[in-house]
Amino acid sequence: MNPQELSEQEIVRRGSMEEMRRLGIEPYPAAEYVVTGHADEILSTFDDAAERRDVTIAGRVMSRRIMGKASFMELQDATGRIQVYVNRDEICPEEDKTLYNIVFKKLLDIGDFVGIKGYVFRTQTGQVSVHAQELTVLSKSLRPLPIVKMKDGVVYDAFDDPEMRYRRRYVDLVVNDGVKDIFVKRTKVFNSMRQYFNDHGYMEVETPILQSIPGGAAARPFITHHNALDIPLYLRIADELYLKRLIVGGFEGVYEFSKNFRNEGMDRTHNPEFTCMEIYVSYKDYKWMMDFTEKLLEKICIDVNGTTEVKVGDNVISFKAPFRRVTMIDSIKEFTGIDITGMGEEQLREVCAKLNIEVDATMGKGKLIDEIFGEKCEGNYIQPTFIIDYPIEMSPLTKRHRDNPELTERFELMVNGKELANAYSELNDPIDQYERFVEQMRLSEKGDDEAMIIDADFIRALEYGMPPTSGMGIGMDRLVMLMTGQTTIQEVLLFPQMRPEKRRAKEATDNDSEEA
C-alpha cells in the first residue's frame, strides 16, 4: 500500500510492529500455539469449589484497560469473549522489560492476536477471568477495528452499512454480534438435510460445473471458453440432467449440493452464484415427494431452531407438517377471479393486459402464466404451501398429469411469498421429452434467451430407459434465510457478489477507531 494512503492510526500501528521487532518480538511467529480452552466452555464450566484450572487460550484483543500495575483485556476467540487479567510484576521480570513495553506501553493494539497461559479465577467483582502468567504475541493487526462505543445513549462507530459489511465480511464477523451465528446455522441446515437423505439410503454425488450445454432449467447462463478444446462452455445453471443420467445408470437415489450460476439480475433474494440441492429418487412420484419434503423441512427447523416455527420479519412461519396444497389454476382463480383453463397464448395476453401485467412478444404461453402467478398470487403464500399441477407449457422436463394431459405433475413450495422448492414426477418418455425440447427451441427463436437447448445426449440416455422418478430442488440460500429469520440473501452468503469496489485515497467510511 502507498504510505500516503495510510491513516494516522495505521502509521502508528506499523511503528508498533517495528518496535516489537526491535525488542526481539516477532509479530507474526510461525510456531504452533497449542490451545487447551475456549471462552464459552471456560465460562460455562467454571466452579469456585473446584481445583485451580490451568488453561492456554488464544484470540483477538477486543478491549484493554490499564490500571497501574494491572491490565485487563477482553479476548475474543471462535466461541465468544473472556476477560484476561495481566499483572505487570508477574509477566515482566526485573531483568526483562520486553513484555512491559508490549502490554503497558501500548505496543499491543485492539485487534491483535495473543496467546495467554494462566489459570481461571473469579475477580472481586464476580467475573470469571483468566489470570495471565505468560503472554505471546501471535499476530499484529495493522488496521484498527471499528469497535462500537456508546456515549450518552448514542452509538458511535457502528459497522452497520450493508455494503461495507458484505465487502468486508471478515470485519463484520469480528465486530457484529450474531453474524457468525447465521453461518453456524447455515452449516446445521446442510448437515440436517444431508443426514435425512443419508438415513434414507440416498447417495451424495458430484456433477460437472462446466457444461457443454446449459440444461436443467430455464435461465441465462454464463459463457466461457476452453482453450485446449477450442469450444464454448457454460457455468452450470442446474445439475438436473446429469443427476437423471445417474438414475438411468442404476442409482436408486442421488442428491447433490451444487453451486449454480445464472447470468441474471441481483436483488434481495437473487445472487448470480447460489447453492441448490437437487435429489432424484426412483420409483416415486410428486405426491410422494411432497410428503418427503414437508417432513424434511420440519426436521431441519427443529434441528436448527429447536422448534417448528421461525420468525421472519413480521411473520411467524410454521414448518409443522402437513403443508397446504393448491393447484396453479385454482390459485390464479382465487387471486384474480379469472379461470385460465384452456386459454391460448392470445387469450392469456388479454388477461395480462386486463391485470396490468407487463409482458413482451418473446413470451410464450408458459411464461405468460408464470407472470400472472408471480404478479398476483405468489406473494400471498406466507405459510408453506405446495402449488401443484402446472400447465404443460411451464414444465418442459415434467411428466404429463395422469388425469389431465394439459397439466404436469409438478409442485413448487411457496414460503414467505417466495418459491423455496421445485419438484416433478420426472418426464421419462424420450419422444415426449424431445418434442418438449423442440418447443423450447421455438421459444428461443422468438427471442426467449432463457429457453432450454436440446440436449441430445440426455435424450439418448432416456432412450436406454429411466425408471419412474421424482426429483426435487431446494434453493439452499433461501432456506437458510428462512431458518435464520433473514430477509435478504446477502445476509446468508459469506461473500455475496458485489459491484467492483471504487478505491479512495481516504476511505471515509472505514469507521476506523478503537478504544483508548
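This report describes sheets, a hairpin, helix packing and ring contacts in a predicted model.

## The sheet of 8 strands

Strands of a sheet pair through backbone hydrogen bonds, either parallel or antiparallel. One open sheet in the model has 8 strands in the order E8-E12-E13-E20-E19-E18-E17-E16, and its pairing is mixed. At its edges stand strand E8 (203-204) and strand E16 (324-327), each of which pairs on one side only.

The mixed character can be followed strand by strand. E8 and E12 pair in the parallel sense, over 2 bridges. Within this pairing, Glu204 stands opposite Tyr255 in E12. On going from E12 to strand E13 (residues 273-282), the sense is antiparallel, and 9 bridges join the two. Here Lys259 stands opposite Thr275 in E13. Further along the order, strand E19 (residues 418-425) and strand E20 (residues 469-475) run antiparallel and are joined by 5 bridges. In that pairing, Asn422 faces Gly473 in E20.

How much of E12 is buried? Of its 9 residues, 8 are buried, and the strand is thus described as mostly covered.

## The sheet of 3 strands

A second open sheet consists of 3 strands in the order E9-E11-E10, with antiparallel pairing. Strand E9 (210-211) and strand E10 (223-226) are its edges; each has a single partner strand, so one side of each is left without a neighbour in the sheet. E9 is joined to strand E11 (residues 231-235) by 2 bridges, and these strands run antiparallel. Gln211 stands opposite Tyr234 in E11.

## The hairpin of E14 and E15

In a regular strand the side chains alternate between the two faces of the sheet. Strand E14 (residues 309-312) illustrates such alternation: Val310 and Val312 point to one face and are buried, whereas Glu309 and Lys311 point to the other and are not. E14 pairs with strand E15 (residues 315-318) in the antiparallel sense over 4 bridges. One of the residues already named, Val310, has Ile317 as its bridge partner in E15. The hairpin has 2 residues between the strands, and Gly313 takes a positive phi near 60° there.

## Helices

Two packed helices are described by the angle between their axes and the distance between the axes. The table gives these values for two helix pairs that share H12.

| Helix pair | Axes come within | Crossing angle |
|---|---|---|
| H11 (residues 345-354) and H12 (residues 365-376) | 9 Å | roughly 25° |
| H10 (residues 328-336) and H12 | 10 Å | roughly 50° |

What do these angles imply for the orientation of the helices? An angle under 35 degrees counts as roughly parallel. H11 and H12 are therefore roughly parallel to each other. H10 and H12, by contrast, are therefore oblique to each other. H11 passes H12 in a left-handed crossing, and the crossing of H10 and H12 is left-handed as well.

Helix H15 (residues 476-484) is of interest for its burial: 9 of its 9 residues are buried. Its buried residues include Asp477 and Arg478, as well as Leu479 and Val480. Just after H15, Gly485 takes a positive phi of about 70°.

## Aromatic rings

The structure holds 15 aromatic pairs. One of them is formed by Phe197 and Tyr255, whose ring centres are 4.9 Å apart and whose planes make an angle of 55°, a tilted arrangement. Phe197 lies in helix H7 (residues 179-199) and Tyr255 in strand E12 (residues 253-261), so the pair ties together parts that are 58 residues apart in sequence. Both Phe197 and Tyr255 are buried.

Which residues do ring pairs link into a cluster with Phe197 and Tyr255? The cluster also contains Phe190, Tyr196, Tyr202, Phe257, Trp288 and Phe292. Tyr255 thus appears twice in this account: in the ring cluster and opposite Glu204.

Rings also lie beneath charged side chains. Arg52 lies over the face of Tyr119, at 4.1 Å from the ring centre. Similarly, the charged end of Arg410 sits over the ring of Tyr390, 4.3 Å from its centre.

Notes. Residues are numbered from 1 along each chain as its sequence is written. This is a predicted model: local features need pLDDT of at least 70, side-chain atom pairs count only at pLDDT 80 or more; totals for chains, interfaces and linings use all residues. Side-chain values use heavy atoms; hydrogens and water are left out. Two strands pair if DSSP finds at least two bridges between them. Rings of Phe, Tyr and Trp (its six-membered ring) pair if their centres lie within 6.5 Å; planes under 30 degrees apart count as stacked, over 60 as edge-to-face and the rest as tilted. Buried means under 20% relative accessible area, exposed over 50%, partly exposed in between (1.4 Å probe, protein chains only). A charge sits over a ring if NZ of Lys or CZ of Arg is within 6 Å of the ring centre and within 35 degrees of the ring normal. Axes are lines fitted to C-alpha atoms, for helices over the stretch in contact, and angles run from 0 to 180 degrees between N-to-C directions. Angles under 35 degrees count as roughly parallel, over 145 as roughly antiparallel, 65 to 115 as roughly perpendicular and the rest as oblique. A crossing is left-handed if the near helix is turned anticlockwise from the far one by less than a right angle, and right-handed if clockwise.
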